[in-house]
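Q: Could you take me through one part of this model up close, and show how it connects to what surrounds it? An informal walk-through is fine.

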Amino acid sequence: LALGDQRLGTDELDQLRHAAHEDVGRDHPSVRVRRELRHRTVECDASQAGAHGGGVEHARAVGPERARGPALGGGAVTLILSRYPIKRHTGPWMLGAVLVYGVATTVFAFSRDTALSVAMLAILGAADSISVYVRQSLVQILTPNRMRGRVTAVSSLCISASNELGEFESGVAARLLGPIGSVIFGGVGSIVVTLLWAKMFPALRKADKLELPELECPLHPAT
């Protein structure tokens, strides 16, 4: 771990980490050591990314905001949707949100401005919230009653597995392409897949209203 001209050896770094895990009180020296370790780790991330350029170069400057950006954007859009839900053109809304997600990710990779990087992360989170909102609603509303449980199970399985597979893919891409290249790869990949899906699945592209279809069987059959 290097910070400017100051280098931490393996033994010293292990001691810092060991002390950081000893949470024995707010005023204990280990708490200060934990803050120092966190500070130096962020510094190391920034220095490594600085060799490649791009938005990750601002890792230290962005700091906690880097994690808050998607949450702030997603939370704001969720509150808006709770008051003003999407009623028409749901297919274009969902595909457009994924497209914006990819564009924001790509811009973040190239960004050299801290404010722009945080803004892209907020937009990324907002677009993801719209995509999830429409996708989950379509699965619940448009799936026939007799198949809803199975379709929901498959959808949940794919979504859960995608997190672990995504982490694996990100790690491999970062190893092969570097931190900046892996982010660009993910953003461009999202854009390409969205355009392909819009072409291959016209019914999804043309999805309109989030409304319950006509019931297959009346709830109260005539006698």
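**The α4–α5 loop and its surroundings**

A: Let's start with His89, which sits in the loop between α4 and α5. Bear in mind that this is a predicted model. The backbone does something worth a look here: phi of His89 is near 55 degrees, a positive value in a residue other than glycine. As for the side of burial, His89 has 47% relative accessibility and so counts as partly exposed.

Now look at Arg88, in that loop too. Arg88 pairs up with Asp208 in a salt bridge, with the closest N and O atoms 2.8 Å apart. The structure holds 1 salt bridge, so the pair you're looking at is that one. Asp208 belongs to the segment after α8 (202-205), while Arg88 is in the α4–α5 loop, so the bridge ties together parts that are 120 residues apart in sequence. Both partners count as partly exposed: Asp208 because its relative accessibility is 25%, and Arg88 because its value is 40%.

Slide along from Asp208 to Leu210 and you get another link to this region. Leaving aside residues up to four places away in sequence, Leu210 touches Ile86, Lys87 and Thr90, and also Tyr133, Ser137, Leu138 and Ile141.

Leu210 also takes you inside, since it is part of the largest nonpolar core, which has 12 residues in all. Ile86 is in there as well, along with Val77, Leu81, Met94, Ala97, Ala126, Ala127, Ile130, Val134, Leu138 and Ile141. Three elements give two or more residues to this core: α4 (64-83), α5 (90-110) and α6. The top contributor is α6, with 6 residues. There's another core apart from this one, made of 7 residues, including Ala104, Phe108, Ala109 and Leu121.

One of the core residues, Ile141, leads on to the next helix. Along with Arg135, Gln136, Val139 and Gln140, Ile141 is on the α6 side of a contact with α7, where the partners are Arg148, Val151, Thr152 and Ile159. By type, the residues of that contact divide into 4 nonpolar, 3 polar and 2 charged. As for geometry, the axes of α6 (residues 114-142) and α7 (residues 148-200) come within 9 Å and cross at roughly 160 degrees. That angle is over 145, so α6 runs roughly antiparallel to α7.

So, back at the loop: His89 has the positive phi, Arg88 holds the salt bridge to Asp208, and Leu210 touches Ile86, Lys87 and Thr90.

Methods: Residues numbered from 1 in each chain as written. Predicted model: local features only at pLDDT ≥ 70, side-chain atom pairs only at ≥ 80, totals over all residues. Heavy atoms only, no water. Axes fitted to C-alpha atoms, helices over the stretch in contact; angles between N-to-C directions. Helix = DSSP H or I, 4+ residues; strand = E, 2+ residues; numbered from the N terminus. Parallel < 35°, antiparallel > 145°, perpendicular 65-115°, else oblique. Contact = heavy atoms within 4.5 Å. Nonpolar A, V, L, I, M, F, W, Y, C, P; charged D, E, K, R; others polar. Core = buried A, V, L, I, M, F, W, Y, C linked by side-chain atoms within 4.5 Å. Buried < 20%, exposed > 50% of the residue type's maximum accessible area, 1.4 Å probe, protein only. Salt bridge = Lys/Arg side-chain N within 4 Å of Asp/Glu carboxyl O.
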